[in-house]
Structures are given as C-alpha cells and as structure tokens.
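Me: Please take a close look at one part of this model, the side of chain B that touches chain A. Which residues and elements make up that side, and what contacts are counted across it?

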Amino acid sequence: MEVSAEAKRIMVVALGKLYSSRTQRGGLRLHRSLLLTLVMKSARDIYHAAQVTAQSAAPKCEPQHPAVNVITTKPAAAQGLQSPASHPAEESRTADSSTELRCSPHAHTRAENKENVYPSGPAQHSRKRRGKAAAEPDFLPCKKAKLEQGNCHQQLIVSSVLSDYVKCSSELRTAPTPIPVQTAIAAC
Amino acid sequence: MEEESDTRKINNSFLRDHNYATEADIISTVEFNSSGELLATGDKGGRVVVFQREQESKSQPQRRGEYNVYSTFQSHEPEFDYLKSLEIEEKINKIKWLPQQNAAYFLLSTNDKTVKLWKISERDKRPEGYNLKDEDGRIRDPSTITSLRVPVLQPMDLMVEATARRVFSNAHTYHINSISVNSDLQTFISTDDLRINLWNLEITDRSFNIVDIKPANMEELTEVITSAEFHPQECNTFAYSSSKGSIRLCDMRQRFKVFKEPEDPSTRSFFSEIISSISDVKFSHSGRYLMTRDYLTVKVWDLQMENKPLETYQVHDYLRGKLCSLYENDCIFDKFECVWNGSDSVIMTGSYNNFFRMFDRNTKRDVTLEASRENSKPRAILKPRKVCVGGKRRKDEISVDSLDFSKKILHTTWHPHENIIAVAATNNLYIFQDKVN
C-alpha cells in the first residue's frame, strides 16, 4: 500500500534525522526535534491505520510480518530514563499487533477490540510515558512472551525527554548498538 | 563596564573544524538601524559587519548612497558548556539596533545563549603632546623634561571601535531565537524555545521570566515559541509565535489574545505541523497589523481580529506537492523571515533559488526577483522571475525541479523609510534600491 510505504519511509527518515541531530554542533534543537517527533507520530498513526485496514481486507497476515514488526518494535522502545521495565499503554497497543502475527485468527479481532478500547491511542496513552503497572492491561498474555523474546526496547534506550524518540531498530539498521543515556536535552 | 577581551580561547582552535572555514561566512541575520544609515549583518562565524551609507554627494549624484563597510568585529566566540557537554555555536541569530541617542551606535547581538550590547563609536582625534611619554608611547626620561605642555587633540584617520558594553548571559536553557528592544528603550526581551525573558539594558545579572510554556512533563511538549517581538509603540505589548501556527498578543499588564486560523482539513498531510510552524512574526510600523511567515505563506493579521488573518499570500505554493522531498533534504525546516516596508504597503520574504518575493498589499500585485551575481550588475534593473508549474515552460521561466534548494534567502531587511532592501544569499549580501530617475 502506497500510503503505508510512504508513512514508513517518513518514519525512517525522521529517525535518521533525530539520530544525527544528537551529534550536531550546538546541541539538540528542541523545535526541530519536536517537529520530527510530530511527523513520526502522524506517520506512525497513518501506518497503523493502513495496516489495520489492509489486514481486515486480506485474511493472510504473513507477508506483513516484517513490516509490522518494524512498527511494533519502534514505539515499544520506551523511555530509557525511566526504568526499562515500564510498560506504557502504547507498548501494549503495539504488542497487540505483534500478537496478531502469532495467533492469527482471533488475535485479529482482539486487535480490533484493542483499537476500539483505546480509540484515541496516541492522544490519550502516548502521554503516559511512565507507565505504571496499572496502565498495563493484564489481559495480554502475549505481551510477556514479547518481553522474553524481544529485547529491542532495552537496546533502544532513548535519551531524549520527548516521547517517541527511537534511536534505531533491528529492522531498520543492521547493527543496533546500545546507546548510553546521555544528558537529556534541556532536562531541567 | 569592562571591555570584552579579544583573546582567542583555547577552545576555539579545536572546536573549529576545517569545514567551518567557509561556513563561517554564511550570513545569519541582517538588520537596518532605525535611520537606515547603518546596516548590520551577522554570520555563522560570530562576526558582525556594519555597513554605513555614504553621504550623497552633489558631484556624483548617481552614486546615491552606497553602503560601505564601516566596522567589523567578532561578537561571539564558540563556547563549551562543560556541564551539559554541549558546544555553544557562535552563530549570530539576531541583531537589533537601539535607536541612536548620542554620537555612538548601539546594537544587541545574540547567539544561542548570550545577548551582548555593543557600542560602536568613532574616533577621529587623538591627544598628542603628552609630557611623560613621547608620540610612540615610550616613557620619557623625566630629567629631559624641561617644560610642561597641555596635550592637544589632533585629527587622525577615522577609527571605528566596537566595544561590548553589556553581556546578558546564563538566562536561557534553550536556544535563543529572537530579541526585541522595547519602545521604552530601557528594556528588551530575549526568547528561546520555551521562555521569554525581560531584561533591563543596564542590568546584566538578572532578568524577569515573562512567558514560560515549558510543561511540567517534557514529554507533553507540543509546541515551542519560534519568535517574539515588542509592539513598536506600546511598551507593554509584545507578540510571540508558536510552532503550531498561532500567535499570542500579550499585554504585560493583563492577559493575552490568541490569533489562530482554523486548519483546513482538506490540505492535511504528514507535514501539516511542520509547514504551519511560524518562522517569523513582525509588527507593522503602524502597530496595527502583525505579519507571520510559515513555510508556504505570509499572513497579515489585524490585531483586532483573532480568528483569521486579514490577508494570506502564497510564497511558493508549487512546493506543496514536493513536501516529502523537502522533508528529506531538510529544507522543510528552513526558517524564512518576512519584513514590512516603511509605509507597511509592501511585504517581502525569501524563497529558494535565491528568489525573493514582494507583495503589494494595496494593488495585490506580487513580484519574484532573484539575487544572483549574473543578474545583478551594478545599476542593472532586476528582471522579474517566474516559476513554471505546469507542463509548458516558457523561455524565461524556471521549472520547479530546476530550482536550487541550497540557495535560499532566509534573511532580508527593508530600509525604514526608503525603498532600499538588503538580502542575504548564503554568504553574499545584496543591496537593492529603487531606480533613480
């Protein structure tokens, strides 16, 4: 789908720019970082929406495994400043998509339910970056499986205080290296 | 006040890379002073160059007031914030002149973190005939002095000196994007991404924070301040623009008014937020209007009407279909400035390919001009340019795909009374004026 491909490309470019802006002379530019984050968010939302409609149209979801994985691991990389064990509600929402891949027939409906349960996902739940245990819905068994299997979010430690900052993901770059937490931009 | 010493700090040598050699010449701001006699430019290397208009001479009437270099000085040096392990760029973000009150000229210049007040003064006489030292400055042997004399001021070659009179530092956590002098001539504001501070020109060790939009939780940040300016006459009023496309007109005695045009959902795209971010806000000279520049348009607002702009001008709407590639090559983040002419009848702003645009608010006519060496022989008349958007390209037109996006005119300024404009094209400064009859 053209829209989702474009959305993905925009996200990839945003990530690259966010990453390279860290080494820019003069330090991180808040305005630019904010705009990139907003673009990435809207691209991600559109990508999700496109994926959901695509998967509701087509019964098979195998060919989309890699693509969806890209999306799910990226937002799952939560704030590294807080404890890595925090699970924002958004992570649970994206974990839904990954559960789709494993348990196909009914997970699809569950994913749809999740879409209904958290109707305005980004607006409401992306704010809850410091997810407490209460924010994490406990009717997601596959989420634990994801934690054991995928250690992406620990590699992707984000040093910025803005949400959705992701350094890299294993899908996008060949060698994700853990990036140490540096002084956050304007974290005062 | 102590003078700023001109010693190169140790940092300077290893912070400056060879790549910055030519980058340092990129002009980052231009500003006429309030009489139009002086024109200041700031560059990425932290230097300020001031041009002065030559007096019109009757013997050479065609040399109508050319601008020549008057003073050059290093305003800011690169610094290093050891606490945050961050380099502080020396690039001059903004220059604002103070109205002239005596023989000396004063301007404020700022980089990302520090504002400085510079005094530019002329010296054309020097005292000669000291008793205790001779003309070279060597101390005379007192035994050789047989009579006393009073030193006399003798004319000398004109020397223009720039001295830093005030340094306003350590008040901004984020990067300063604008400064504005109040009409009371006693205070000024400095603005960074999240805060606006009010200073007294005499006091450097404290400032008042008058606007703070930093959220308690930085993760909830949704907009930043992009520019701020004082009202030209009302000393209690200022305006600031945001990355979300809104302007707040603030009265320091009371509340603020928000100016925002509702978004057109039909034009929504991935990049709507970026292109609606306001890069510059300017009050009209009359104080009745505000002008804002976002990526594709210039808008004129009536201060009495907050819900929509009075006028909207398309600067380069042909770029609307190219936003994705402009995003990839970073051009979508370019911050263009806009400027009024002296009578507020014409507005001007820059574009790509070294084009700049002028809009006549009364006749509704607009023109695209180019600042380039080939087209700008001295005293040549600028030819209007046209960008071809459709299929068929006429002879003189340039197609959108041939535009050079590395040549951008971000900074322009207009003489306060006359039709003289200064346009910065990367590292070149162009000064254009009305043709003489």
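Reply: What follows describes the contact between the two chains as seen from chain B, in a model that is predicted.

Across this interface, 37 residues of chain B are in contact with 35 residues of chain A, and the two chains bury about 3,300 Å² between them, with 59% of that area on carbon and sulfur atoms. Within chain B, the residues that lose the most area to chain A are B:E219, B:F270 and B:Y327, which together account for 25% of what that side buries.

Turning to charged and polar pairs, there are 7 salt bridges between chain B and chain A; one of them joins B:D112 to A:R29, whose closest N and O atoms lie 2.7 Å apart. The count of residue pairs in polar contact between chain B and chain A, both at pLDDT 80 or more, is 14.

As for secondary structure, the elements that give two or more residues to this side of chain B are β6 (86–88), α3 (272–276) and α4 (323–328), and among these α4(B) gives the most, with 3 residues. In composition, the residues of the side of chain B that touches chain A divide into 15 nonpolar, 8 polar and 14 charged.

Finally, on covalent links, the count over all chains comes to 0 disulfides; B:C338, for example, is in no disulfide, and the nearest cysteine sulfur, that of B:C250, is 18 Å away. B:C338 counts as buried because its relative accessibility is 0%, and B:C388 likewise counts as buried, at 5% relative accessibility.

Methods: Residues are numbered from 1 along each chain as its sequence is written. Chains are lettered from A and ligands numbered from 1 in the order in which they are written. This is a predicted model: local features need pLDDT of at least 70, side-chain atom pairs count only at pLDDT 80 or more; totals for chains, interfaces and linings use all residues. Side-chain values use heavy atoms; hydrogens and water are left out. Contact means heavy atoms within 4.5 Å. Buried area is the accessible area (1.4 Å probe) that two parts lose on being put together, summed over both. A salt bridge is a side-chain nitrogen of Lys or Arg within 4 Å of a carboxyl oxygen of Asp or Glu. A polar contact is a pair of N or O atoms within 3.5 Å; within protein, one must be able to donate a hydrogen and the other to accept it, and residues adjacent in sequence count only if both atoms are side-chain atoms. Helices (H or I, at least four residues) and strands (E, at least two) are DSSP runs, numbered from the N terminus. Ala, Val, Leu, Ile, Met, Phe, Trp, Tyr, Cys and Pro count as nonpolar, Asp, Glu, Lys and Arg as charged, and the others, Gly among them, as polar. A disulfide is a pair of cysteine sulfur atoms within 2.5 Å. Buried means under 20% relative accessible area, exposed over 50%, partly exposed in between (1.4 Å probe, protein chains only).
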